[in-house]
Amino acid sequence: MKRLQYKLFIALILVTTSCQKDPLDIMPDGRLTLEEIFADEMMASEYVNTMYDNINPYGTAYDYFTMLAGFSDEAHDNDFPQDMARAPSRWYNGELRPNWNPLDIQFSTGSSNTESNGNYYRKNWTGIRQTNVFLERISSTPFANPQMKARLIAEVKVLRAFFYWELIKMYGGMPVVDKPFSGDFQFESLPRQSFQACVDFIKQNCDEAILERNLPYRITTEPERGRFTKAVAHAIRSQALLFAASPLWNDTGDQTRWAEAAEASKNSLDELLANNYVLHPDYEAYFDSRTDISANPADKETIFEIKPYRAHEFSHLMFRMHAIPTLGGDKAGVSPSQELVDSYDMVNGEPAITGYYDEDHLYPIINTASGYDESKPYENRDPRFYATVWYNNAYYGEINGQPYYIQSYLGGADGISNIMQRTGNGYYLRKFRDPAQLDPNTGTARFKKYRLGELYLNYAEAANEAYGPTQEVYDAINTIRSRVNMPALPSGLSKEEMRERIHRERRVELAFEEYRFWDVRRWKILDRTDRLTTGMEWTKSGNTFTGKRIVTGRRKSWTDNHLIFPIPLSELTLMPLWDQNPGWE
């Protein structure tokens, strides 16, 4: 009860401290002042807990319980074109504007509670403001255990790095602010700073947190589930430096940025491996469960996992909102695109499809050395394909004691249709869903925001760009591939060939984990990837299936101005020194 009371007090503080003039020190009506909060160890600790409320829920938190993959070329969201009011349809129609962002849509589930990410810009700035308040005031707070105080300071530095990182990868460079604003601060005088300056600040915060010996590498007790760790600092730093070196933010091709990103990712990999982080042995099963909390967990790969948002479990929403019709649910949700399917290698390690002869992606360029057969396109593919995609005639498992095979052919029980409960492109999402789960209330899967697998890929990409395809680059990629028993990459690849293989490897390894949306932007290939998505239309005659590639949906959200989001107009009007992001003026 005491903990709840503190949370209520802190919530009140957060509302009142959002004003420019702070009334807390002058209104004797029972409200707590910041001085009172930071005079008490427990209340100061609770202040940290409230910062986590500004972390977006990700996963299935986009309107309407959809995934970010549906806004990229990974998937087609089946809300389009049946419901033109939903965020995916409005995104496909190119409705992102300075005064409106489809990804910011908040929606209700029949109560007064909204159930989505909400306003990215303001939520991340709120988080930054809270971290600055804490770090400014915590030095005077008495702690019975100085080690706990040191841990909290490091934890909040990681939180500040996180909020800055989530903010700038969407909107570009922002002011670097490391102290609370005074009540009379003139916000109109605040200048923007470069993306690189923000990344430098993020790195500084992560470096300082990593050096703090009292910040743990792993959460080991259930009450602390969801707190940031030293491993999270490594993940944020690795990601931020990789983006800063990439073409979108490194227009001069500065090689020192790639070298710095490679060095940081290598250091992080070494440190994480030394602290009992390893790849999960089963790629498919890894995404069907949540992290177990202990000093020696079965899941040693997850770095940070998103906790349930209000009453909604990730696995519950995957069951209902990304469903196969035969198994119930409210809609088909995001369907893996044919482009994603084409990116999976054959089991012999050769790419199956290397490109397309036409702009509509209906005529694939087949790698004849791969053994790919157009009439049997789902045979002998990378095991990660079978762990990610439900395709026509795929064996699902037993339902009511009978074997069930996906019927996504025309006229089949799961076949292509123009209703939201059916796929629009012949595929359904398999990842994050245990086929044995037939009850939406029994799943335990949670969305992994950071995991070790990404760091191998970050290091491989940065090192290849900095030094070429060295043995260390091969080792990093082959470690990822060996987990699913895929052959090592062929020796003798050029830097450009290795780059293409790394891009392909990121696409399949990290599918539906909110990486592709940002990768195609930092690589500046959005105009080549996001004009449309395709699928496969199957017809059945007797026991024979015949497939035909089809265009599922065309999009208007692929132009260069979509590489960086527009700053919300309501914010920009308050900042006369700021220029709007390119293409949104």
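Student: Is Cys206 buried or exposed?
Tutor: This is a predicted model, where local features need pLDDT of at least 70, side-chain atom pairs count only at pLDDT 80 or more, and totals for chains, interfaces and linings use all residues. Residues are numbered from 1 along each chain as its sequence is written, and side-chain values use heavy atoms, with hydrogens and water left out. Buried means under 20% relative accessible area, exposed over 50%, and partly exposed in between, using a 1.4 Å probe and protein chains only. Cys206 has 0% relative accessibility, so Cys206 counts as buried.

Student: How many disulfides does a search of the whole structure find?
Tutor: A disulfide here is a pair of cysteine sulfur atoms within 2.5 Å. The sulfur of Cys206 has its closest cysteine sulfur in Cys198, but they're 13 Å apart, too far for a bond. Across the whole structure, the number of disulfides found is 0.

Student: Which side chain of opposite charge is nearest to buried Glu454?
Tutor: Lys and Arg count as positive, Asp and Glu as negative, while His and the chain ends aren't counted. Glu454 sits in helix α14, residues 452–467 (helices are DSSP runs of H or I with at least four residues, strands are E runs of at least two, numbered from the N terminus). Glu454 has no salt bridge (a side-chain nitrogen of Lys or Arg within 4 Å of a carboxyl oxygen of Asp or Glu). At 4.7 Å away, the nearest side chain of opposite charge is Arg506.

Student: How many residues apart are Glu155 and Arg227?
Tutor: Their side chains meet in a salt bridge, 2.5 Å from N to O. The pair links distant parts of the chain, with Glu155 in helix α6 and Arg227 in the loop between α7 and α8. Both residues are buried. Along the chain, their separation is 72 residues.

Student: And which residue forms a salt bridge with Asp207?
Tutor: Look within helix α7, where the two partners lie 4 residues apart, about one turn of the helix. The closest N and O atoms are 2.7 Å apart, and the partner is Lys203.

Student: What separates the C-alpha atoms of Ile365 and Gly355?
Tutor: Ile365 is in strand β5, residues 364–366. Leaving out residues up to four places away in sequence, Ile365 touches several residues, including Gly355 (contact means heavy atoms within 4.5 Å). They're 10 residues apart along the chain, and their C-alpha atoms are separated by 5.1 Å.
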